[in-house]
Amino acid sequence: MPDAVPIEHEASHPALQHHFENMEQQREAGALGMWVFLVTELMFFGGMFLAYTLYRNLFPADFASASNHLDLTLGAVNTVVLILSSLTMALAVYSAQVGNRRNLILCLVITITLGLTFLGIKAVEYHDKYVDSLIPGQLIPGRPYNPAVQEHGAPDDKHKLHLLPGATVKHVEMFYWIYFAMTGMHALHMIIGVGVLSVILFFSWRGRYGPEYHNPVEISGLYWHFVDIVWIFLFPLLYLLGRHLEHM
Amino acid sequence: MSEHIVSLRVYITIFLALLAGTALTVFAGLRDFPGQLNVIIALTIAVVKATLVVLYFMHVRYSSKLIWVVFTSALFWLVILFAFTFSDYWTRCWLGPC
């Protein structure tokens with residue numbers, strides 16, 4: 001019987017799962033998995049962007065009238081909030097890569113706070129629409145869709161719809177269906193993102209992530225940036241594309 | 001292939017570019033441009049901003065070919081979704097009164 005030869009095991013990281021050859025392969029597989037998921041997400045939001053484009057072509061004046069009633073300032077502030085949160089998310093990944101646990105935790109806390117700020121501002125906007133009876137459909141108790149229309153030549157009242165020539169209250173409702181569907185799905189993704197980042201924050205606190213192992217931070221970041229990209233398109237399409245018609 | 005760490009300077013630069021893009025899109029959105037130029041300007045800025053996020057914040061610029069293929073396939077299917085739907089909507093009236 002030959003002498004027992006001790007098998008040289010490559011010293012492996014405790015986070016390396018047995019079905020992966022090494023940490024690099026595990027990291028690459030994790031990122032690829034998230035990218036495949038994001039492809040399905042892109043098709044999901046793509047369908048809604050398609051619906052937006054089709055109906056905007058059918059009802060241009062109605063869409064512009066409804067769009068102009070949205071609060072441009074709140075929309076722009078939310079865009080900046082989300083871009084800033086994307087930066088802090090990227091910095092969180094960076095901190096994990098260089099093994100700075102304190103900065104990782106700090107960046108994650110700021111990212112989550114900014115995400116909640118976005119949702120808070122969104123809630124204010126939704127409430128404005130509720131007050132003005134602009135939530136589409138008949139299911140909102142006490143506030144079925146029934147917008148007040150501004151008379152021509154009357155002093156500006158921001159609670160009333162200013163209908164551009166050719167626009168009707170009925171077709172304006174279609175804009176609000178799409179607005180609430182798209183921003184609602186986007187907000188749901190934000191809520192999920194805040195939940196995911198809270199879990200990442202917990203494990204960062206426990207010191208699980210470092211230069212060798214930070215896949216969860218990285219792929220959560222991919223998801224967060226994707227949600228940011230959706231908003232980068234939603235903001236101009238929903239808030240801006242009718243503004244220049246207002247004074248015509 | 002080992003992991004590429006994007007420098008802080010790149011992150012800050014991209015962030016400032018995204019802020020500038022947001023300011024530019026609001027600025028352009030409040031002005032009248034002939035024809036459909038308002039839409040084209042808004043979408044161009046949005047595409048540039050999204051590209052910056054994908055390439056730098058999402059590290060695609062430094063990722064493997066496999067990630068590139070997956071990402072490009074997403075755009076490819078999105079183009080099919082839009083192109084085939086519009087080819088239907090825009091040509092419905094060619095065949096008869098509608």
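Start with two helices of chain A in this predicted model. Helix 1 covers residues 23-58, and helix 5 covers residues 169-205. Their axes come within 11 Å. They cross at roughly 165°. Two packed helices are described by exactly these two things, the angle between their axes and the distance between the axes.

How do the two helices run relative to each other, roughly parallel or roughly antiparallel? Angles over 145 degrees count as roughly antiparallel. Helix 1 of chain A and helix 5 of chain A are therefore roughly antiparallel. Their crossing is left-handed.

Now look at the residues that make the contact. Helix 1 of chain A brings A:Met48, A:Ala51, A:Tyr52 and A:Tyr55. Helix 5 of chain A brings A:Met174, A:Ile178, A:Ala181 and A:Met182. What is the character of this contact between helix 1 and helix 5 of chain A, nonpolar, polar or charged? The count is 8 nonpolar residues, with no polar and no charged ones.

Turn next to chain B. Which elements make up its secondary structure? Chain B has 3 helices and 0 strands. Along the sequence, the pattern reads α-α-α.

The overall form of chain B comes next. Its radius of gyration is 19 Å, whereas a compact globule of 98 residues would have one near 13 Å. The C-alpha atoms of chain B fill a box of roughly 60 × 40 × 10 Å along the principal axes. How much of chain B is buried? Of its 98 residues, 23% are buried.

Conventions
Residues are numbered from 1 along each chain as its sequence is written. Chains are lettered from A and ligands numbered from 1 in the order in which they are written. This is a predicted model: local features need pLDDT of at least 70, side-chain atom pairs count only at pLDDT 80 or more; totals for chains, interfaces and linings use all residues. Axes are lines fitted to C-alpha atoms, for helices over the stretch in contact, and angles run from 0 to 180 degrees between N-to-C directions. Helices (H or I, at least four residues) and strands (E, at least two) are DSSP runs, numbered from the N terminus. Angles under 35 degrees count as roughly parallel, over 145 as roughly antiparallel, 65 to 115 as roughly perpendicular and the rest as oblique. A crossing is left-handed if the near helix is turned anticlockwise from the far one by less than a right angle, and right-handed if clockwise. Two residues are in contact if their C-beta atoms, placed from the backbone, lie within 7 Å. Ala, Val, Leu, Ile, Met, Phe, Trp, Tyr, Cys and Pro count as nonpolar, Asp, Glu, Lys and Arg as charged, and the others, Gly among them, as polar. The radius of gyration is taken over C-alpha atoms; the globule rule is 2.2 Å times the number of residues to the power 0.38. A residue is buried if 20 or more other C-beta atoms lie within 10 Å of its own, exposed if 12 or fewer, and partly exposed in between; C-beta atoms are placed from the backbone.
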